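Me: Could you take a close look with me at a single part of this protein and tell me what surrounds it? I am in my first year, so please go step by step.

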Amino acid sequence: MGMGRLYRLGFMAVLAGGAIWFAGSRGGQAAWFLSWLLTGIALSSLLVFMFNLMQVRVARTVSAELLPAGEGLMVELTVRHLSLLPVLWLSVSDRFVREDGGEMFTVTKLAFPGLRRQFKIKYHTHGLKRGEYRFIGTELVAGDWWGLSVKRRLALSNGSFTVLPEPRAMLASVLPVGTGGEETNGAYHFKASSPGHSVRDYAHGDPLHRIHWRSTARTGNLMTRIMEPAEDIRYMVCLNADREAYKGAAGRQLFEQGIEWAAGFMQAAAEARSHAGLAASNHAGMWLAPSLATGSARAILLLAGLAADGQQAFGELLQGRIRDQIPEAYAVVAITPVLNRELLNAVCKLLDGGRQVLLYHVTGERELSPLEREQKGRLERAGCQVLTVRESRMERVVRLDAEYEGA
């Protein structure tokens with residue numbers, strides 16, 4: 001009970017004592033009625049504080065621990081309490097916090113359990129942002145009708161859930177058409193290798209149409225052509241998670257767009273049964289080795305908890321770990337909100353090494369500056385495909401709706 005409530009109860013006790021003194025010294029039915037009324041109020045408030053919510057326990061269940069973007073979450077609280085007096089009213093406040101940024105959410109519902117020692121509170125969440133969320137406890141507050149005595153109990157509990165990013169819809173074999181106007185018109189393709197062939201000495205039973213006559217004429221012996229399948233396209237998706245790249249009011253929006261493009265590309269690669277890996281220049285240096293479709297779910301889960309807290313320049317990631325540890329057969333997909341000299345040099349070195357590079361330049365609603373247009377042109381002349389993504393984003397409205405399952 002807070003000090004303010006304690007002062008109120010003490011003040012009521014003083015009034016009750018004064019009323020009893022006045023009734024004893026002056027007499028009269030009105031004075032005695034007032035003294036007993038004030039004494040009863042003070043005593044009942046004291047009993048509520050002493051014997052209500054002596055013990056509390058809260059059990060929580062959630063509809064899902066992994067929540068796809070755009071879907072709602074249902075949480076059910078089963079509240080058990082030990083109280084020797086009827087609980088006239090009880091406020092139940094459940095709290096959870098978003099790990100990235102520390103944003104706190106509180107859902108409060110008023111219940112009237114009376115003599116019930118167990119009841120349920122259900123609430124639904126809608127519009128939560130991508131991220132990892134952790135429950136930090138449930139606060140129960142009970143009191144009397146007059147507000148003199150209020151008792152608080154905190155039921156600590158573990159639990160968490162994750163809101164996954166919303167992957168951008170992409171075709172499995174064709175990179176997406178941009179949505180930002182003339183700068184993103186047109187589909188981009190990576191160049192897959194063409195089927196090849198090799199030759200070997202002719203063996204009895206080889207089909208005649210497989211004889212490679214040019215090699216036969218050169219060697220003087222019959223040679224058979226062996227077809228080799230084309231090499232599948234393989235990708236390494238790299239996301240700029242450097243803190244400096246997302247300064248300003250639009251930084252959060254740009255980072256969320258980059259997350260969604262990375263998730264969409266990983267999902268499209270999984271649908272096409274292509275090897276794909278994921279890396280980011282965040283503080284922890286996120287790295288997911290290239291794999292087949294099984295890596296898509298893992299990548300989206302990693303992206304759900306990713307924060308733009310890196311201190312390494314994005315160009316250093318491309319020049320260092322990507323160039324050294326990823327084979328040249330992998331096409332590099334770079335997602336970044338900034339074009340600078342370090343990034344341009346890193347991309348040019350990858351291109352000089354024979355790699356294919358696609359760069360997603362997310363700009364939000366703003367137009368490209370003259371310097372950015374110049375750098376974009378230099379990248380395209382060097383052989384890099386640059387997709388400028390200009391788009392506005394509507395913020396989701398968070399809704400928290402609770403209901404009480406009482407008598």
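Reply: Let's start with Ala 329, which counts as partly exposed because its relative accessibility is 43%, and partly exposed lies between the cut-offs of 20% and 50%. Keep in mind as we go that this is a predicted model. Ala 329 sits in the loop between α6 and β15. Its C-alpha atom is separated by 7.1 Å from that of Arg 355, although the two residues are 26 residues apart along the chain.

Now follow the two neighbours of that loop. Helix α6, residues 314-325, lies across β12, β13, β14 and β15, and runs at about 165° to β15. Strand β15 belongs to an open sheet of six strands with mixed pairing, in the order β14-β13-β12-β15-β16-β17. At the edges stand β14 (287-291) and β17; each has a single partner strand, so one side of each is left without a neighbour in the sheet. From one strand to the next, the twist averages 15°.

It helps to recall that strands of a sheet pair through backbone hydrogen bonds, either parallel or antiparallel. For an antiparallel example, take β13 (residues 276-280) and β14, joined by three bridges. Here Ala 276 stands opposite Ser 291 in β14.

Another helix also lies across this sheet. Helix α4, residues 251-271, lies across β12 (234-239), β13, β15 (330-336), β16 and β17, and runs at about 145° to β16.

Next, look for α8, which covers residues 370-381. How far apart are the end C-alpha atoms of helix α8? They are 17 Å apart, and this agrees with the 16 Å that twelve residues should span at 1.5 Å a residue. The expected span is 1.5 Å times one less than the number of residues, which is why twelve residues give that figure.

Which residues of α8 are buried? They are Glu 372, Gln 375, Lys 376, Gly 377 and Leu 379. In an α-helix there are 3.6 residues a turn, so residues three or four places apart point the same way. The cover over the buried residues of α8 includes α7 (341-352), β16 (357-364) and β17 (385-390). Two of those names, β16 and β17, you have already met in the sheet order. Just after α8, Gly 383 takes a positive phi of about 110°.

Methods. Residues numbered from 1 in each chain as written. Predicted model: local features only at pLDDT ≥ 70, side-chain atom pairs only at ≥ 80, totals over all residues. Heavy atoms only, no water. Helix = DSSP H or I, 4+ residues; strand = E, 2+ residues; numbered from the N terminus. Buried < 20%, exposed > 50% of the residue type's maximum accessible area, 1.4 Å probe, protein only. Contact = heavy atoms within 4.5 Å. Pairing = 2+ DSSP bridges. Axes fitted to C-alpha atoms, helices over the stretch in contact; angles between N-to-C directions.
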